[in-house]
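I opened the notebook to log a few look-ups, taken in the order in which I made them. The structure goes first, the entries after.

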Amino acid sequence: MAEPATATQAAAPAVALLKDELDIVIPTIRNLDFLEMWRPFFQPYHLIIVQDGDPSKTIKVPEGFDYELYNRNDINRILGPKASCISFKDSACRCFGYMVSKKKYIFTIDDDCFVAKDPSGKAINALEQHIKNLLSPSTPFFFNTLYDPFREGADFVRGYPFSLREGVPTAASHGLWLNIPDYDAPTQLVKPLERNTRYVDAVLTIPKGTLFPMCGMNLAFNRELIGPAMYFGLMGDGQPIGRYDDMWAGWCTKVICDHLGLGVKTGLPYIFHSKASNPFVNLRKEYKGIYWQEEIIPFFQQAVLPKDCTTVPKCYIELAKQVKEKLSKVDPYFDKLADAMVTWIEAWDELNPIGPVPNGKAA
Amino acid sequence: MSLSIKDHEIDIVIGALRSDLTSFMSEWRPIFSRFHLIIVKDPDLKEELKIPEGFNLDVYKKPDIDCVVGTSTSTIFSGYSCRYFGYLVSRKKYIISVDDDCYPAKDNKGILVDAVAQHITNLTTPATPFFFNTLYDPFTEGADFVRGYPFSLRSGVQCALSCGLWLNLAHYDAPTQALKPEERNSRYVDAVLTVPARSLMPISGINIAFNQEVIGPALLPSLRLGGEGKFRWETMEDIWSGMCVKVACDHLGLGVKTGMPYVWRNDRGDAIASLRKEWEGVKLMEEVVPFFQSVRLPREATTTEDCVAEVANVVKEQLGSKDPIFARAAKAMVDWVMLWKSVGSSTSSPGA
C-alpha cells in the first residue's frame, strides 16, 4: 500500500535548481497545509497562489514561503473584461497564475498532493525530477525502447538513428500519481477502492502525432516555449462541464508541440495523491465531456496547423478558429470556448508584452 | 498466464548461434519445460549442438533447412536469421523467441520473471495504439484507463507483437557500448505499454513474442549487412523486420506492446571490434527510418502478406537505387512471402 513520505523524511536538496527561474502555481480553495510537507523541496521557490471560490475568505500560507496570492477580485481587477476567460469555482483558474508569472518555468501541483516515496522508501523530490525532465531533450520522432535515453544508466538503443539523438527541447513534463489514480467518474464508481501502487521507474517522450490525457495535478512546463497554450478553458461556475480543463490544455499543447517540434514527457515524478473527489459530483461535471470527448479527440487528432503558424500564440489562435469552425456544431459551449481562447491570448499578450520569445520551428 | 491459452498453442523458437546450449536450457527449464521448443541451428555453426535432456523439442540443422527450402534458399537463414526458419515451420498460434545468450531475469522483488507468461499476457490482452494511456497498460491489475480516455477506444485492438526488454547487457549499438563499456541496464521498469499507431521504434529480435496467425509473415529475414556477423551489434535484420511489422500492424489496426518481460542478457562480444562492422548499419538507419515513416499502404492490402509485398515494392522503388542492400532486401521480402505461402502456416487472417 502506497504511503506518503512524512515531513521529516523529505530532505532539502543541496542545490535548488532553477531557483530564480521557476514559479510554483497552486490553485486552492481550502488551505495550504500540504505545503508543510513540501517545505524542504519548495521553500527556495516563489509561489503563485490562485485562490478560487469566495474571495472574502483568507487563505493562510505557512510561514517562510515567498508568494503572491490572487483571488477572484484580483483577477477581475487585473484582467478587466478579459477576466471572463478565467474559470470561477474550478481549479482551472490556476492558468491565471501562468499568465502573471514572470519566470521561464512553471510547476503546478494540487493542494491534495503530497510527497511520495520511491520503492526504496526515499522521499521523492518531484520538483527536481520535473526540472531534470525539462532541462533534458525529448525524443518524439522515434520511440526509444529503453525510455528516456538521457537518464542516468540509459541510452539510445541499437537502431536509433544518430541524426535524431540530439532530441528537441522539452516543453512539458507530465508527472504521475500514487495512491488515488486520476480516473474519470464512471471508473471511480466501478472501482472505488483501486489505488495506484505501481511505481514505474520511467520517463518517456510521448511520440509525435500521439495525443494523451494530460492531468494538471503534477505538471511542469517551459513557459517561454509553450506557456500560451496552457489555457485551462472554461470550467466550473456557469459552465456545462468540469474536470476537462487540464485535458483541454494538454490536447492543445500537444498539437502545438508536434507542429513546432517540441517535446512532451510523461512518467516520473510521482506524487502521492491523497484525496479522492466525490465520484457523483465528478460524474455530473464530466457527464457532457464523456460524450464530447468522442468528437474532441478526432478533432485534435486531425488538426493541422498551417506552416505560417510559427509561434505558440499564432498556433493557438488558429486552433481557436478551428474549434469554432468544427466543434461549435457539437455544442454552443465550444463557440464560447473558442472566443475565450482568443481572449486568453489577448490577455497573455497584455500581461507579457516582451518581444518575440524563442520557439520551435514549424514542422 | 491467461487460463484460456493452452500450452500446446505456444512454440518457443530459439536460434542457436552457440553450440553449447546446456546452461541456457538449464536456466530456462523451469519456464520452458512445459512447452514445445523449436531450436534452429545457425547453418554456419560447425560444432554439434549440446542440448540437455528433458525437453519436448524439434531441432533443425542445415540439412533439415536445405530439405525444406532448398540449398540455395537456406542461406537466408544464416546467423541470427536462423530463428526465422523456426517461425516458418511452426504451426502454433503464439511464438516466443529469445536469443541464446539470454537468461531468465529477476524482477525488483527478486522473483524470477516468467517471460513466457508475461508475453502471453501481453498478446492476449488488447493493445491501445490510438490514444496514449498515462498509466500505461490499462488491462494490467491495479491499473485502468485514465480520465479523458475516450470510451469508444477502451476495447482496444488485438496485440500482434510483444517486445520485451533486457537487463544487464542492453540492446545498445556498438558505438554506444564502446563509449560506455561499463554501462549495464539495471533499471527494471514495471510497465507494459502499447507503442502508439504510426510511431516507429527499433524492435530488437532478442526477446519477442508474436501471434503467428495474425502477423507471422511480417517477421522476416531480408536486410543483411555486408559485414553481418554473429553478434547482435553486427546485424540490422531484426530492426528492419520490426519496421515492417510495425507498419503492417499500423495499417491492419493491430497493436504492438513494449516493456516487460525482461530477460537477463549475458555479456558477450567486444563492442569496439564490432564497430567497423556495424557502421554500415548505423548509416543505413538514417535512410531506413524516414523511409518507413513515409510508407503508406493501400486500402487493398488487407492481409499481412499483402502488406509485406507492398512494402517490398516501395523499398525497391524508393530505396533500391540508393544502395544495393535495399534492392536485395526487397527481393528477399518478395521471396519470403512466396516461401511463407508454400511452407508456412496457412495464410494469415485479414487484419482487424
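The entries below cover aromatic rings, one annotated arginine, a strand of chain B and some backbone angles.

**Entry 1: aromatic pairs.** I note at the outset that the model is predicted. I looked up the ring pairs and found 38 over all chains. I then picked out Trp251(A) and Phe300(A), which form a tilted pair with 5.9 Å between centres and 40 degrees between the planes. Trp251(A) belongs to helix α7 (residues 245–260) of chain A and Phe300(A) to helix α8 (residues 279–302) of chain A, so this pair ties together parts 49 residues apart in sequence. I checked the burial of the two, and both Trp251(A) and Phe300(A) are buried.

In chain B I looked at Trp336(B) and Trp340(B), also a tilted pair, at 6.1 Å centre to centre and 45 degrees between the planes. The two tryptophans sit four residues apart in helix α10 (residues 324–343) of chain B, so about one helical turn separates Trp336(B) from Trp340(B). I recorded both Trp336(B) and Trp340(B) as buried. I followed the ring pairs further and arrived at a cluster that links Trp336(B) and Trp340(B) with Tyr60(B), Phe77(B), Tyr84(B), Phe85(B), Tyr87(B) and Phe210(B).

**Entry 2: charges over rings.** In chain A, I found the charged end of Arg165(A) over the ring of Phe162(A), 3.7 Å from the ring centre. In chain B, the charged end of Arg154(B) sits over the ring of Phe151(B), 3.7 Å from the ring centre.

**Entry 3: Arg158(A).** I went to Arg158(A) since an unreviewed UniProt entry places the feature "glycosylation site" there. Is Arg158(A) buried or exposed? Its relative accessibility is 0%, and buried means under 20%, so Arg158(A) counts as buried. I located Arg158(A) in the loop between α4 (126–135) and β6 (170–179) of chain A. I listed its contacts, leaving out residues up to four places away in sequence, and they include His171(B), Asp173(B), Arg232(B), Trp233(B), Asp238(B) and Glu278(B). Thr235(B) is also among the residues touched, and the side chain of Arg158(A) reaches the backbone oxygen of Thr235(B) at 2.9 Å.

**Entry 4: strand β6 of chain B.** I took strand β6 (residues 159–168) of chain B next and found ten of its ten residues buried. Which strand does β6(B) join through nine bridges? The partner is strand β9 (residues 255–265) of chain B, and the two run parallel. Within this pairing, Gly164(B) has Gly259(B) as its bridge partner. β6(B) also pairs with strand β8 (residues 207–211) of chain B, in the antiparallel sense and over three bridges. There I noted Phe210(B) as the bridge partner of Leu161(B); Phe210(B) is also one of the rings in the cluster of Entry 1.

**Entry 5: backbone angles.** I looked up cis peptide bonds and logged the one from Leu268(A) to Pro269(A), with omega near 10 degrees. Pro269(A) is in strand β9 (residues 263–273) of chain A. In chain B, the bond from Met260(B) to Pro261(B) is cis, with omega near 10 degrees, and Pro261(B) lies in strand β9 of chain B.

I also noted positive phi values in residues other than glycine. Lys89(A) has phi near 60 degrees and lies in the loop between α2 (72–79) and α3 (95–100) of chain A. Asn179(A) has phi near 80 degrees and is placed in strand β6 of chain A. With 9% relative accessibility, Asn179(A) counts as buried.

Conventions:
Residues are numbered from 1 along each chain as its sequence is written. Chains are lettered from A and ligands numbered from 1 in the order in which they are written. This is a predicted model: local features need pLDDT of at least 70, side-chain atom pairs count only at pLDDT 80 or more; totals for chains, interfaces and linings use all residues. Side-chain values use heavy atoms; hydrogens and water are left out. Rings of Phe, Tyr and Trp (its six-membered ring) pair if their centres lie within 6.5 Å; planes under 30 degrees apart count as stacked, over 60 as edge-to-face and the rest as tilted. Buried means under 20% relative accessible area, exposed over 50%, partly exposed in between (1.4 Å probe, protein chains only). A charge sits over a ring if NZ of Lys or CZ of Arg is within 6 Å of the ring centre and within 35 degrees of the ring normal. UniProt positions are given in the numbering used here, feature names are shortened, and annotations may be inferred rather than shown by experiment. Contact means heavy atoms within 4.5 Å. A polar contact is a pair of N or O atoms within 3.5 Å; within protein, one must be able to donate a hydrogen and the other to accept it, and residues adjacent in sequence count only if both atoms are side-chain atoms. Two strands pair if DSSP finds at least two bridges between them.
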